[in-house]
Amino acid sequence: MQFHHHGYVSGDPRIQAAAGTGIDRPAELPDEVDVLIVGSGPAGMLAAAQLSQFPGITTRMVERRDGRLVIGQADGIQARSVETFQAFGFAERIIAEAYRITEMAFWRPDIKDPTRIIRGGRAVDDATGISEFPHLIVNQARVLDYFAEVAANSPTRLTADYGWDFQGVEVTDGVEYPVAVTLVRSAGPDEGAERIVRAKYVIGCDGARSKVRDSIGCTMAGDKANHAWGVMDVLARTDFPDIRTKCAIQSHDGGSILLIPREGGHLFRMYVDLGVVPEDDNGAVRNTSLETIIAKANQILQPYTLDVRNVAWHSVYEVGHRLTDRFDDVLPQDVGTRTPRVFITGDACHTHSAKAGQGMNVSMQDGFNIAWKLAHVLEGRSPESLLSTYSAERQVVAKNLIDFDKTWSSLMAKKPEEFDDPSELEDFYVRTAEFPAGFMTEYAPSLITGAATHQGLATGFPVGKRFKSAMASRVCDTNPIHLGHHATADGRWRIYVFADAAPAGAASPASELAHWLATAPESPLAATPQGLDADAWFDVKVIYQQRHEDIDINAVPAVFKPFVGPFELTDYEKVYGTVSGDDIFDVRGLSRDGVVVVVRPDQYVAAVLPLTATAELGDFFGQVHTGQNV
């Protein structure tokens with residue numbers, strides 16, 4: 001974490017100085033805003049936290065509730081999400097309070113006595129080291145609290161405007177604030193009062209019953225729910241030995257349970273199989289009583305017993321998988337003729353079961369994806385065409401999620417005798433570990449993701465997939481750190497220069513690239529406006545093949561040591577060497593001839609290029625940024 005470069009900071013460095021729209025921020029919702037976020041769920045809160053880092057953008061977030069979420073339905077936090085939390089600065093704190101999944105136990109009927117369940121196997125949660133971050137369980141409400149803290153401590157001092165219910169939207173082209181949003185007061189002394197807020201853009205994060213989705217004419221399509229589950233967060237006494245371990249439990253004739261221990265050491269969640277829903281049910285299964293769910297759980301757990309002492313929350317849901325036809329307000333016949341103004345995220349555009357633990361995680365990545373793009377367009381960094389990549393990228397991700405969840409949900413609902421192999425469920429869990437961890441997303445070539453022409457130069461950084469961090473040694477302080485952990489959610493592009501074998505300062509392709517980056521009109525750095533820090537838009541780092549003690553930091557080209565802040569202090573934290581025994585060039589399959597890896601603001605690899613490919617690098621950013629080769 002860097003601070004003091006604007007002067008001595010004696011308080012909490014996480015609280016940034018107010019700037020731009022954060023200075024004298026009006027308490028009341030203004031009539032005109034740049035971005036209006038509807039809904040303060042995972043996608044909305046992450047989008048708000050990201051947009052809050054841009055002082056020149058007026059962002060407001062309206063929420064129908066009268067205050068913060070007290071208890072949320074989602075709780076599974078995949079490793080990809082924890083990576084994202086790291087970028088927002090709260091990974092360590094949320095890890096400390098969360099339940100950490102390290103193994104999953106699989107219980108099935110005892111062959112000798114099928115009325116009893118026995119532990120049939122265990123699976124390590126991340127046996128192949130997919131991520132340095134853990135798989136966590138923590139209540140959705142706490143996740144939202146952390147993002148709310150980031151937004152409130154940002155330069156814009158962004159906080160939610162509670163007690164406003166979205167009613168409808170109307171888009172009128174040709175005006176500065178083309179999106180007219182009708183809101184109704186849902187709480188407070190003026191409940192029922194109606195007003196209109198005009199915005200440049202709207203992000204709909206208002207859940208499965210989204211009014212924003214309906215207002216832009218998006219339709220949900222998918223299969224009809226045919227299986228019901230009761231879910232409950234409980235405190236209980238039990239002799240079930242794995243009550244503090246994640247479990248998939250299959251009984252002979254009573255159905256199944258997915259057991260998820262919760263944070264705090266005592267609370268746990270159970271998804272209890274309520275069976276196939278009859279065609280003529282008409283939602284009656286949703287009235288299943290808590291007592292029935294508990295009794296069903298005890299039937300499945302035999303010979304063990306469950307004595308529920310307290311219920312924090314419970315519900316009944318039917319598994320259904322649905323996806324919208326698009327994630328923005330551009331109709332199919334208008335694609336290519338106009339850019340979107342209204343976007344939908346999370347459950348507003350994709351719904352599925354909760355048992356794969358994907359809903360909150362994928363929703364947050366929706367919010368991350370659209371927020372930085374809106375910021376870049378509103379600041380004039382990028383053309384409006386950038387916004388069309390949101391629906392194109394995230395709809396594919398949602399479709400893949402639904403396909404995965406259909407398989408997982410079906411396996412969870414099968415009876416033991418229907419499996420060809422008793423370990424089929426366990427094998428599927430292990431075989432597909434990368435998907436539920438959040439690392440299978442791979443964006444196709446587009447305006448912001450290049451072709452994998454030079455992928456062989458960096459096999460461990462696949463173009464279109466998230467930047468998988470690895471250890472490097474920071475030269476200035478000799479600290480071995482994860483390279484990716486130094487990338488914060490500040491909206492900057494990352495350019496990692498993995499140097500050739502020549503020492504720092506010697507004539508080499510890396511030195512020539514450094515000169516081009518610093519001086520060429522075609523360099524992406526040339527787009528950074530005068531008056532801003534040299535690294536305000538692009539975070540450029542160099543990683544040499546030598547160890548830190550063999551690198552002369554004074555010989556390192558100046559572009560890797562920019563002056564920052566009003567005192568123009570040198571930032572020494574962009575120069576790295578390799579770690580003995582954990583060489584990043586070997587770990588990530590990097591060419592010893594050197595390679596450039598470009599990473600998007602949302603942590604996905606955008607390009608892999610040779611050190612000499614300055615023309616390609618210039619052309620790539622010439623499309624991404626306005627005013628450059630466009």
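This passage describes the strand pairing, the cysteines and a surface patch of a predicted model.

Two open sheets are considered here, beginning with the one built from three strands. In this sheet the strands follow the order S3-S7-S4, and the pairing is antiparallel. Strand S3, which spans residues 76-77, and strand S4, which spans residues 99-101, stand at the edges. Each of these two strands has a single partner strand, so one side of each is left without a neighbour in the sheet. The contact between S4 and strand S7 (residues 135-137) is antiparallel and comprises three bridges. At the level of single residues, Tyr-99 has Ile-137 in S7 as its bridge partner.

A further open sheet contains seven strands, arranged in the order S6-S5-S14-S15-S16-S13-S17, and its pairing is mixed. Its edges are formed by strand S6 (117-124) and strand S17 (306-318), each of which pairs on one side only. On average, neighbouring strands of this sheet are turned by 20 degrees against each other, with direction ignored. Although the sheet as a whole is mixed, strand S13 (residues 227-238) pairs with S17 in the antiparallel sense, over 11 bridges. Within this pair of strands, Asp-233 is matched with Trp-313 in S17 as its bridge partner.

The cysteines were examined next. A disulfide is a covalent bond between the sulfur atoms of two cysteines. The structure holds zero disulfides. For Cys-205, the closest cysteine sulfur belongs to Cys-349 and lies 9.0 Å away, which is too far for a bond; the cut-off applied to a pair of cysteine sulfur atoms is within 2.5 Å. Cys-205 is also buried, since its relative accessible area is 10%, a value to be read against the limit for burial of under 20%. Cys-247 is likewise buried, with a relative accessible area of 0%.

Attention then turned to the surface. Met-1, Phe-3 and Val-9 make a nonpolar surface patch of about 280 Å². Of these residues, Val-9 is located in the segment that comes before strand S1 (32-38). Val-9 has a relative accessible area of 30% and is therefore classed as partly exposed, whereas Cys-205 and Cys-247 are both buried.

Note on methods:
Residues are numbered from 1 along each chain as its sequence is written. This is a predicted model: local features need pLDDT of at least 70, side-chain atom pairs count only at pLDDT 80 or more; totals for chains, interfaces and linings use all residues. Side-chain values use heavy atoms; hydrogens and water are left out. Buried means under 20% relative accessible area, exposed over 50%, partly exposed in between (1.4 Å probe, protein chains only). Patches are made of residues with over 30% relative accessible area and no salt bridge: like charges are joined within 9 Å, nonpolar side chains (Val, Leu, Ile, Met, Phe, Trp, Tyr) within 5 Å. Accessible areas come from the Shrake-Rupley method with a 1.4 Å probe; for residues, only the protein chains shown count as cover. A salt bridge is a side-chain nitrogen of Lys or Arg within 4 Å of a carboxyl oxygen of Asp or Glu. Helices (H or I, at least four residues) and strands (E, at least two) are DSSP runs, numbered from the N terminus. Two strands pair if DSSP finds at least two bridges between them. Axes are lines fitted to C-alpha atoms, for helices over the stretch in contact, and angles run from 0 to 180 degrees between N-to-C directions.
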